[in-house]
Amino acid sequence: MTERNETPPPEPRQAVEESVAEKLAELEDRWLRAVAELDNLRKRAARDLDRQRIDERTRVAAEWLPVVDNLELALKHAGADADAVIEGVRAVRDQAVGVLARLGFPRGDDVGTRFDPARHEAVSTVAVPDADPGTVVEVVRPGYGDGALQLRPASVVVSTKADE
């Protein structure tokens, strides 16, 4: 017996068209499902982001509540001894600075450090004989935070070379 190399008869054109139409319908269905899944993912991510923002805002507001409570207490005693009120305001300020530090924005104590334009904003210069030129000699407005988490730079007075 000899083997024959027979090729199957060509499919009728209608069968090919049906096969292509089925494949096209399957691909269109997969595409529509992928688009719907992507839309659902986008909506879920937006809801999650909103929830995270609300949670973070709530956490920050809760950190500030004791500061507000103490300010109200200080206002209640505003008619009392002036020294006591001043001391109370200082305590509230220290509490507020502590809140900022816990939130990741510590107050910078920059007197005596080298002027750094990334951390400082020079508002004035002054000749100080016992300070190296370029040294922060006074903080006019403190800065909070550091590096990428800097809320604002410190406004400082910088020493210059003293005239001799």
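Which residue follows α2, and what is the sign of its phi? Gly104 follows α2, and its phi is positive, near 100 degrees.

The model is predicted: local features need pLDDT of at least 70, side-chain atom pairs count only at pLDDT 80 or more, and totals for chains, interfaces and linings use all residues. Residues are numbered from 1 along each chain as its sequence is written, and side-chain values use heavy atoms, with hydrogens and water left out.

**Exercise 1.** Compare the expected span of helix α2 (residues 82–102) with the distance between its end C-alpha atoms.

Solution. Helices are DSSP runs of H or I with at least four residues, and strands are runs of E with at least two, numbered from the N terminus. The expected span is 1.5 Å times one less than the number of residues. For the 21 residues of α2 this gives 30 Å, and the end C-alpha atoms are 30 Å apart, which agrees.

**Exercise 2.** Determine how the buried residues of α2 are arranged.

Solution. Buried means under 20% relative accessible area, exposed over 50% and partly exposed in between (1.4 Å probe, protein chains only). Val92, Ala96, Val97, Val99 and Leu100 are buried. They cover an arc (from the directions from helix axis to C-beta atoms) of only 155 degrees, so they lie on the same side of α2. Asp83 and Arg102, on the other side, are exposed. The buried residues pack against α1 (13–76).

**Exercise 3.** Describe the surroundings of Ser155 in strand β3 (residues 154–160).

Solution. Ser155 is buried, with a relative accessible area of 4%. Beyond four places in sequence, its contacts (heavy atoms within 4.5 Å) include Glu121, Val123 and Glu138.
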